[in-house]
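Here are a few worked exercises on helix packing and ring contacts. Keep the model open beside you and try each task before reading its solution.

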Amino acid sequence: AAAYARGRFAGRGHGPSRIRQDLAQRGVAKEHIEAALGALAGAEDVAGRARDDAAKRWASLASEPDARKRRKKTLDFLLRRGHSFDDARTAVDAVAEGDDEAWEE
């Protein structure tokens, strides 16, 4: 479970919620899922990954003329990837404003 979680996080950019769901669908016990995600959260910067994914998606939506639609599409992308709403919203806000200070928490 831990190897699967690390692989999905590093390779595909999936967030903790998506990894939890994928492992549950594969029949992994809850305690093993939580242990794998606990190790992942300790070893990796989940919020930083959300910001990186947001920056890539934001750049790919550069042709979107409506800023609200661009923000919504980026937020929805991060939520589908399994990032928490708070991490996703903070990432989108930081990328939209070009403000790296939002990540100095």
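**Exercise 1.** At what angle do H5 and helix H6 (residues 85-97) pack, and how far apart are their axes?

*Solution.* Before starting, note that this is a predicted model, where local features need pLDDT of at least 70, side-chain atom pairs count only at pLDDT 80 or more, and totals for chains, interfaces and linings use all residues. Residues are numbered from 1 along each chain as its sequence is written, and side-chain values use heavy atoms, with hydrogens and water left out.

Step 1: take the helices as DSSP runs (H or I, at least four residues), numbered from the N terminus. Step 2: fit axes as lines to C-alpha atoms over the stretch in contact, with angles from 0 to 180 degrees between N-to-C directions. Step 3: read off the result, an angle of about 145° with the axes of H5 and H6 9 Å apart. Step 4: add the hand of the crossing, which is right-handed for H5 and H6 (the near helix is turned clockwise from the far one by less than a right angle; anticlockwise would be left-handed).

**Exercise 2.** Which residues of H5 and H6 make the contact?

*Solution.* Step 1: apply the contact rule, heavy atoms within 4.5 Å. Step 2: list the H5 side, which is Arg71, Thr74, Leu75, Leu78 and Leu79. Step 3: list the H6 side, which is Phe85, Ala88, Arg89, Ala91, Val92, Asp93 and Ala96.

**Exercise 3.** At roughly what angle do the axes of helix H4 (residues 46-60) and helix H5 (residues 67-81) cross?

*Solution.* Step 1: the axes of H4 and H5 come within 10 Å and cross at roughly 135°. Step 2: that makes H4 oblique to H5 (under 35 degrees is roughly parallel, over 145 roughly antiparallel, 65 to 115 roughly perpendicular, the rest oblique). Step 3: the crossing of H4 and H5 is right-handed. Step 4: the residues in contact include Trp58 of H4 and Phe77 of H5.

**Exercise 4.** Which residue has its charged end over the ring of Phe9?

*Solution.* Step 1: look for NZ of Lys or CZ of Arg within 6 Å of the ring centre and within 35 degrees of the ring normal. Step 2: Arg49 fits, 5.8 Å from the centre of the Phe9 ring. Step 3: place Phe9 in H1, where Phe9 also takes part in the contact with H2.

Key:
Helices (H or I, at least four residues) and strands (E, at least two) are DSSP runs, numbered from the N terminus.
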